[in-house]
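The following explanation moves through one protein model, taking its open and enclosed spaces before its strands and a few chosen residues. Please keep the sequence and the coordinates at hand while reading.

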Amino acid sequence: NDHYYKFRGEIIGVDKKETEGEVLIRIAKDRMSRPLRLGAFIVTSMAPKEIGKALNPGAFDFKEYTRRKGIYHQLSVREGQFLRITAEQKTLMTRALIYREHIIKRLRNRGFTKKEFSVIEALLLGKRQDLSEETKLSYQNAGAMHLLAISGLHIGILLMILNVVFRPFERLRHGKGIKWVLVIGFLWIFAFISGLSPSVIRAATMFTVLSIGMLIGRFSQLGNYLFTALFLSLIFKPLYVFDLGFQMSYLAVAAILGISPFLRSLWKPDHKALRYIWNLFAISIAAQLGVLPLSLYHFHHFSALFFLSSIAIIPFLGIVLGMGYFMIILDFFNLLWPFYVQVYAKLISIMNQCIEMFGNIHSLIFKKVFF
């Protein structure tokens, strides 16, 4: 934020004793300070302090929020109160985050405006720190904030795109198996370049298990596969059960599996393009209905504009995501030509304008909905 560089740190030793645990590290911003490198080691004589409770009644309880992530203490330091050590620990997640920063650095020099690039960062790579409050409010009012948080929706659309791209493999012997191995492989490559955040890992795990279910043809039992993915995630990290993002992700997909078939059965258009748009719209409505109770309980806010944003944005989100990831691939091979960047920037700009237009229809935004 404006006052601190914030990091999630792992304590590896105290007074020459090996130890375990995580801590929130805050480095005060001033003219001399600079952020830490991902995977860097630091040594300090400053003692971590317990994270304080909320001071005002009804205020956001940051202590409870971090406790549910396994973090109980914070270390607040200034430049000069700690030493940076040259050694680095590059875990898989650290490498993923470093590679994501490398992609962001390359794309930032391609001529996008600040607003366009902040949305591209969030939409394609899950980094939302650079979004302005104005942009966040516009997407929130339009009921489209979920577009800027990589979740099951993004992974699901990516799964559909990869399914189409690799469909020709089905003509080969054992081609169906080869296709799904490639699809699942690319899902995890996407998870890697997105920084292997918990939300991305959850979504990739969920759709990997669901993909296995589709591979062996058990479409009627996808609910069982969804529960299997949930169970595996909780074995890996039990504290996920308290995570709001985890709860909303699985509720959304459960609603998609349970409600969208009913919605799709209400209208079956003959035209293929129209059927595609209607199916995506039904999926979006089902997902929104699934997370609505939790959303109202935690945020006391509901935007009926998600119907409009779903109709206007969701059908074209596949194009936006597909072009975006293809842009990253072209940039990796130094084949990204300026015209492609201009077209994609215009596409993002139009999407932002639509969201701003919807967000100004205040009569369909309901706030202060308390239980």
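How much space lies in the second largest pocket? In this predicted model, the second largest pocket holds about 1,200 Å³ of space. Its lining is made up of 32 residues, and those that lie nearest its centre are Gly156, Met160, Asn163, Leu280 and Ile283. Several helices share in building this lining, since two or more residues are given to it by each of H5 (152–165), H6 (175–193), H7 (198–215), H9 (244–265), H10 (272–299) and H12 (314–332). The largest share comes from H5, which provides 9 residues. Sorted by class, the lining of the second largest pocket consists of 21 nonpolar, 6 polar and 5 charged residues.

Two buried residues can be followed along helices that are named in this lining. Pro315 is found in helix H12, where its relative accessibility of 5% means that it counts as buried. Beyond its neighbours within four places in sequence, Pro315 is in contact with Tyr276, Ile277, Leu280 and Ser310; Leu280 has already appeared as one of the residues nearest the centre of the second largest pocket. The C-alpha atoms of Pro315 and Val165 are separated by 18 Å, with the two residues lying 150 residues apart along the chain. Ser295, for its part, lies in helix H10 and is likewise classed as buried, because its relative accessibility is 18% and the cut-off for a buried residue is under 20%. With neighbours within four places in sequence left aside, the contacts of Ser295 are Met248, His300 and His301.

From the open pocket the account can turn to enclosed space. Rolling a probe the size of a water molecule over the atoms shows where empty space is left. For this model the count comes to 1 cavity of 30 Å³ or more, and the volume of the largest cavity is about 40 Å³. The residues that line the largest cavity are Gly143, Ala144, His146, Leu147, Gln288, Phe306, Ser309, Ser310, Ile313 and Ile314, a set that divides into 5 nonpolar and 5 polar residues, with no charged ones. Helix H11, which spans residues 306–312, gives the most to this lining, namely 3 residues. Ser310 is listed in the cavity lining and also among the contacts of Pro315, so that the reader who starts from Pro315, a residue buried at 5% relative accessibility, can pass to the cavity by way of Ser310.

Which strands form the open sheet, and in what order do they stand? There are 4 of them, arranged as S1-S4-S7-S6, and their pairing is mixed. Strand S1 (4–10) and strand S6 stand at the edges, and because each has a single partner strand, one side of each is left without a neighbour in the sheet. Read in the order of the sheet, S1 and S4 pair in the antiparallel sense over 7 bridges, with Gly9 standing opposite Val23 in S4. Strand S4 (residues 22–28) then pairs with strand S7 (residues 71–77) in the parallel sense over 5 bridges, and here the bridge partner of Ile27 is Val77 in S7. Finally, S7 and strand S6 (residues 49–50) run antiparallel and are joined by 2 bridges, Lys49 having Gln74 in S7 as its bridge partner.

Ala28 offers a view of this sheet from a single residue. It has its place in strand S4 and is buried, with a relative accessible area of 7%. When residues up to four places away in sequence are not counted, Ala28 touches His3, Tyr4, Ser33, Val77 and Arg78. By contrast, Ala28 and Ala255 stand 44 Å apart in space, C-alpha to C-alpha, and 227 residues apart in sequence.

Another helix adds a further buried serine. Ser138 is found in helix H4, residues 133–141, and its relative accessible area of 15% makes it buried. Residues up to four places away in sequence aside, Ser138 touches Ile355, Glu356 and Gly359. Its C-alpha atom is separated by 13 Å from that of Leu364, a residue 226 residues away along the chain.

How confident is the predictor, and which elements have the lowest and the highest mean pLDDT? The protein averages a pLDDT of 85, and 99% of the residues score at least 70. Among its elements, H11 has the lowest mean pLDDT, at 75, and S4 has the highest, at 95. It is H11 that gives the most to the lining of the largest cavity, whereas S4 pairs with S7 in the sheet.

Conventions: Residues are numbered from 1 along each chain as its sequence is written. This is a predicted model: local features need pLDDT of at least 70, side-chain atom pairs count only at pLDDT 80 or more; totals for chains, interfaces and linings use all residues. Side-chain values use heavy atoms; hydrogens and water are left out. On a 1 Å grid over the protein atoms alone, a cavity is a set of points where a 1.4 Å probe fits but cannot get out, and a pocket is an open set with protein on both sides within 12 Å along at least five of seven lines; lining residues have an atom within 4 Å of a point. Grid points are joined across faces, edges and corners, and a volume is the space filled by probe spheres set on the points. Ala, Val, Leu, Ile, Met, Phe, Trp, Tyr, Cys and Pro count as nonpolar, Asp, Glu, Lys and Arg as charged, and the others, Gly among them, as polar. Buried means under 20% relative accessible area, exposed over 50%, partly exposed in between (1.4 Å probe, protein chains only). Contact means heavy atoms within 4.5 Å. Two strands pair if DSSP finds at least two bridges between them. pLDDT is the predictor's confidence in each residue, from 0 to 100.
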